[in-house]
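Please open the model in your viewer and keep the sequence panel beside it, since each stop on this tour begins with a selection. Work through the stops in order, leaving earlier selections visible where that helps you keep your bearings.

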Amino acid sequence: MQTSPTLPANVQASSHSLPSYLQADNLGPWGTYLQQVDRVEPYLGHLSRWLETLKRPKRALIVDVPIQLDNGTVAHFEGYRVQHNTSRGPGKGGVRFHQDVTLSEVMALSAWMSIKNAAVNVPFGGAKGGIRVNPKLLSMGELERITRRYTSEIGIIIGPTKDIPAPDVNTNEQVMAWMMDTYSMNEGSTATGVVTGKPVDLGGSLGRREATGRGVFTVGCEAAAHIGLDVTTARIAVQGFGNVGGIAAKLFAQAGARVVAVQDHGGTIFREAGLDVDRLLAHVARVGSVAGFEHAEVLSPDAFWDVPCDILIPAALEGQITAANAGRIQARMVIEGANGPTTPQADDILNERNILVLPDVIANAGGVTVSYFEWVQDFSSFFWSEDEINARLVRVMREAFAGVWQVAQDHKVSLRTATFIVACKRILHAREMRGLYP
Ligand code: NAD
């Protein structure tokens, strides 16, 4: 642990050693994030004195979420909302419903939101939330009750100018509608701007549902052009076929690419000639998984990592590409649709093998970019056309990617470190200008 020689020992201990619950050892995604931040320090110049700010969340709320189940019993669930940094604006980030959600995970996801929002230069800080629950085991009524109670519990720290949730794994437009309604009921006035990713009829934005996948596709095409990879003939493997992976696969297929392998929580399928993505999307909408799709071979989950492909898109959960499978990946490029899918060890292996990694903090920023457009539209109650949204999204993503690519060339660093350099400079410059209060 580094300490400053200019501070008395008692102050050093309190201000420079991280609280135990924030330290990197055995902290999963939060540990990964801390290692990523540490790699940026040499490039920050005088701003590095503020870097400690990014190694702790500004605010973390743990809430009890009790609901009455359909069978009449009361069940308690654990919920979280973490605001990692608000130097550049209100907190912004999704809400995840998953049985494996932990505080460490939500902290990391909130920190990656800070980096992501700064990387694409939208005026938000970073936040994230979640409930430790398997929503697939809840009825519709139970899902609504858990959403509303959670929203009420975190209501003390969210709001259109404080912290604006959005969909993430296992949450969708309906969940956002309930969150907006609950917050509005408690406030006594309709506050559409409290969440993004809402239904279009309730102040949602056209193009939001597809935005993350479209962003993945956009930066993927930009990067492919830099390394001489033709996306119109590329073979794609996608892990996670939900909002992000499903749309990204569809857009690549529309561009002419062959989506040769798809894995989700229910199964892994392969077809060398290319899967029919539209049919697969319809199948998943019907049965809830790619499992059972007739027009493909079934692979074991582990065999997914050996599939010959040009582009691999992890679009499910964190920690999927590890030291154990990074050496087997055949792709020339990995586009991180998911947040935190690659461990730092795996990152190093991919870099050594000359496999280009488009990091989550830029690759999946399309969702929050259109969330920003939604928030702006809600404030002005004036809505843009889908073409306008998509054109603005593509412009923001291309500009952000070009800036990051240049920094990577200038410093001879990975795109992940380059994105962290760009983002940390913006956040810490804001921190420095605002100063400390009191
Ligand atoms: P989603 O719930 O729509 O889809 C998740 C997909 O992952 C599903 O196909 C599911 O079957 C699959 N999956 C779950 N567990 C799996 C496992 N163990 N192995 C293989 N597949 C598994 O979620 P989403 O919104 O598409 O989010 C996916 C990732 O993208 C998450 O990391 C999320 O944080 C990130 N992300 C989402 C958005 C967004 O706008 N939705 C924006 C940025 C980043």
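The tour of this predicted model begins at the ligand, goes on to strands and ends with single residues.

**Stop 1: the ligand and its shell**

Select the ligand together with the 21 residues around it, and then pick out Asp 168, Thr 212, Phe 241, His 265 and Asn 339, which are the ones that come nearest. If you colour the shell by residue class, you should find 7 nonpolar, 10 polar and 4 charged residues.

Now show the oxygen atoms of the ligand and look at what lies beside them. A polar side-chain atom of His 265 is placed 2.5 Å from a ligand oxygen atom, and a polar side-chain atom of Arg 96 is 2.9 Å from an oxygen atom of the ligand. At Gly 242 the atom to select belongs to the backbone, where an N or O atom lies 3.3 Å from a ligand oxygen atom. Of the 830 Å² that the ligand exposes when taken alone, the protein buries 83%. Two helices, α6 (208-226) and α7 (243-254), are the elements that give two or more residues to this shell.

Where does the ligand lie with respect to domain 1 and domain 2? Colour residues 13-188 as domain 1 and residues 210-358 as domain 2; both give residues to the shell, so the ligand lies between them.

**Stop 2: from β6 through β7 and β8 to β9**

Select strand β6, residues 235-239, which is mostly covered, with 4 of its 5 residues buried. Add strand β7, residues 258-264, and you will see the two strands pair in the parallel sense over 5 bridges. To follow one of the pairings, label Ile 236, whose bridge partner in β7 is Val 259.

From β7, a hairpin with 2 residues in its connection leads on to β8, and these two strands run antiparallel, joined by 4 bridges. Here Gln 263 can be labelled together with Thr 268 of β8, which stands opposite.

Next, show the side chains of strand β8, residues 267-270, and turn the view until its two faces can be told apart. Gly 267 and Ile 269 point one way, while Thr 268 and Phe 270 point the other way, and all of them are buried. Adding strand β9, residues 297-299, shows another antiparallel arrangement, in which 3 bridges join β8 to β9. Thr 268 appears again at this point, since it also stands opposite Leu 299 in β9.

**Stop 3: the hairpin of β1 and β2**

Move to strand β1, residues 59-68, and strand β2, residues 74-85, which pair in the antiparallel sense over 10 bridges. Label Ile 67 and then Ala 75, the residue opposite it in β2. Which residue in the turn of this hairpin has a positive phi? Among the 5 residues between β1 and β2, select Gly 72, for which phi is about 95°.

**Stop 4: two residues of helix α3**

Select helix α3, residues 103-119, and within it Asn 117. At 0% relative accessibility Asn 117 counts as buried, and its side chain reaches the backbone oxygen of Gly 125 at 2.7 Å. Ser 104, also to be found in helix α3, is buried as well, with a relative accessible area of 15%. For a view across the model, draw a distance between the C-alpha atoms of Ser 104 and Ala 402, which are 298 residues apart along the chain and separated by 32 Å.

**Stop 5: backbone details**

Select Asn 170 in the loop between β5 (163-167) and α5 (173-187), where phi is near 65°, a positive value in a residue other than glycine. Then select Asn 354 in the loop between α9 (344-352) and β12 (356-358), which has a positive phi of about 65° although it is not a glycine. Are these loop residues exposed or partly exposed? Asn 170 counts as partly exposed at 30% relative accessibility, whereas Asn 354, at 69%, counts as exposed.

Finish at the peptide bond between Tyr 437 and Pro 438, which is cis, with omega about 5°. To place this bond along the chain, select helix α13 (415-434) and continue into the segment after it, where Pro 438 lies.

Technical notes: Residues are numbered from 1 along each chain as its sequence is written. This is a predicted model: local features need pLDDT of at least 70, side-chain atom pairs count only at pLDDT 80 or more; totals for chains, interfaces and linings use all residues. Side-chain values use heavy atoms; hydrogens and water are left out. A residue is near a molecule or strand if one of its heavy atoms lies within 4 Å of it. A polar contact is a pair of N or O atoms within 3.5 Å; within protein, one must be able to donate a hydrogen and the other to accept it, and residues adjacent in sequence count only if both atoms are side-chain atoms. Accessible areas come from the Shrake-Rupley method with a 1.4 Å probe; for residues, only the protein chains shown count as cover. Ala, Val, Leu, Ile, Met, Phe, Trp, Tyr, Cys and Pro count as nonpolar, Asp, Glu, Lys and Arg as charged, and the others, Gly among them, as polar. Domain bounds come from an automatic or database domain assignment. Buried means under 20% relative accessible area, exposed over 50%, partly exposed in between (1.4 Å probe, protein chains only). Two strands pair if DSSP finds at least two bridges between them.
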